Each structure stands twice: as structure tokens, then as C-alpha cells.
Amino acid sequence: MPLHTKEGALQFLDYYLKASQNGWNMTPRVRVAITDTGGSNRRAKLNEWPIEQTEHVKVYLDADRHTLSRNGSSCQAKTTYRGSTGKTTFVTTFAEDTQLLGYFSGHIFMEADGADDMDLFLTLEKLDRDGNLLTPLLACTVDLESQCISAAGSTRGTQACLRVSLRVVGRQESTSFFPVQTYGSPQKLAAGQMVPIDGAFIPSAYYFHAGQKLRLVISGQSDSGVSAINMDPT
């Protein structure tokens, strides 16, 4: 019984508060809402997290063509953007229906021209076949009496953000697919220094239909325009 329904909520409370043997202990340990903006949202019942059969796939940024691909480019290239107002994007198109579910992370090399620190925001967006943004729901409110779910806002997509001077990743805390920063002493950037940066996205679940696109946006501020430090590096 889904927890977001009245019956599911009562079953959950009765099991833990009244010790009622109502079968709640047989409920799947993980239930995931899979966002399919422009289609039909889905729900999945799982017994573990992360999902055991997850296939981790690496995609590479092509700074020359601004694309994402499984095959890295043999040409060296770079792209720039203004830290306070600009952004750069990379896009890939799905040839077949694809489900992305779980952890996402980014590993990129960056330099701050004219500054010793910067904010970094990475956003994954879903686009339709024509390249238009498909905005997913940010949150939902649930009326247990009517079992009605209504949207409480929207966002452009799942996001990772960090201060570059706090980029050091802890080896014990991190996994191959989820880097965790130590947040120790800041390591400022030197002039002309290119550094590797790892960012962990909020775990998410998206469904893409053939022809739809995934866009990675790299910028110095969030999609709401918030930036933690006031500077304008390139």
C-alpha cells in the first residue's frame, strides 16, 4: 500500500505505533518516483538502494561541439563562460527509450581566470526532441482525504553545486559514483591553474523517450540566480 495514500499512512502508523501485524513489513524497502515530463510519470518498487543491476555509464564532454558522448574526443578544446552571469552547455540525444535512475556525478577540469575561487553549479536538464526544456516537478503536496497530489513548484533538473576551493574529495567517504567533499581547509586557485573537480548530483530518476535530449549546464549560479560569492571569473 503506497505511503502517500490514506490507507498506506494508517497501515504504516498502526504497524510501528500499535504493533499491528498488518503486513507493512512486507512492503518493498525502496519506492521510486520516475519523472517522465512530457509523458507519464512512473513508480518503481525496489528491494535495495543503490539498485543492484545499475549500469554506470561514462559520457565525455566535447568542448568543441558542446556534446556529450560515450566516446571521448581526440581533439583538445576548451570553452569559457562568465562566472557571474554565463554558462556553457553540453547535449546528447537518446536513440532509444532510456531510464536514468540513481546517482550521477561529474568530473571536469576548470580554471578561474582572474580569481582564486569560484562557485560551480552543474545541472542536468531534460529536453524534448526540438530542444525545448521539459521542466520536472520540484515537490508535491498530498491530501490524504482526497488522495490528491498537486505540484508545489518546479526546477530545471537535478543539480550539483560546490565551492571550488573546497573541492578535495574524501577517499573513505566517497564511492566510484558518488564523490563526497571533506570540507577541510580551502585550497585557493593559482593564476593559470587547471584543477580537477568532482561534483555529486542529487540522486534522481528520469525517463527519456527516443529522440529526447539530456543537457548538462555548467555555470556559476543556480537556475534561480543564487551565487554564494560575488566575482566574475571566466
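## Exercises on helix H1, backbone outliers and cysteines

Phe12, Leu13, Tyr16 and Leu17 make a nonpolar surface patch of about 430 Å². The model is predicted: local features need pLDDT of at least 70, side-chain atom pairs count only at pLDDT 80 or more, and totals for chains, interfaces and linings use all residues. Residues are numbered from 1 along each chain as its sequence is written, and side-chain values use heavy atoms, with hydrogens and water left out.

**Exercise 1. Place Tyr16, a member of the patch, and classify its exposure.**

Step 1. Recall the patch rule: residues have over 30% relative accessible area and no salt bridge, and nonpolar side chains (Val, Leu, Ile, Met, Phe, Trp, Tyr) are joined within 5 Å, like charges within 9 Å. A salt bridge here is a side-chain nitrogen of Lys or Arg within 4 Å of a carboxyl oxygen of Asp or Glu. Areas come from the Shrake-Rupley method with a 1.4 Å probe.

Step 2. Tyr16 sits in helix H1, residues 6–17. Helices (H or I, at least four residues) and strands (E, at least two) are DSSP runs, numbered from the N terminus.

Step 3. Apply the classes: buried is under 20% relative accessible area, exposed over 50%, partly exposed in between (1.4 Å probe, protein chains only). Tyr16 has 53% relative accessibility, so it is exposed.

**Exercise 2. Check the length of H1 and find its buried side.**

Step 1. The expected span is 1.5 Å times one less than the number of residues. For the twelve residues of H1 this gives 16 Å, and the end C-alpha atoms are 16 Å apart, which agrees.

Step 2. The buried residues of H1 are Gly8, Ala9, Gln11 and Tyr15. They cover an arc of only 160° around the axis, so they lie on the same side of H1. The arc is taken from the directions from the helix axis to the C-beta atoms.

**Exercise 3. Locate two positive phi values and a cis peptide bond.**

Step 1. Ala19, just after H1, has a positive phi of about 55°. Its loop runs between H1 and strand E1 (30–34). At 53% relative accessibility, Ala19 is exposed.

Step 2. Tyr183 also has a positive phi, near 55°. It lies in the loop between strands E12 (159–163) and E13 (195–200).

Step 3. Trp49 and Pro50 are joined by a cis peptide bond, with omega about 0°. Pro50 is in the loop between strands E2 (42–46) and E3 (60–62).

**Exercise 4. How many disulfides does the structure hold?**

Step 1. Use the cut-off: a pair of cysteine sulfur atoms within 2.5 Å.

Step 2. The structure holds zero.
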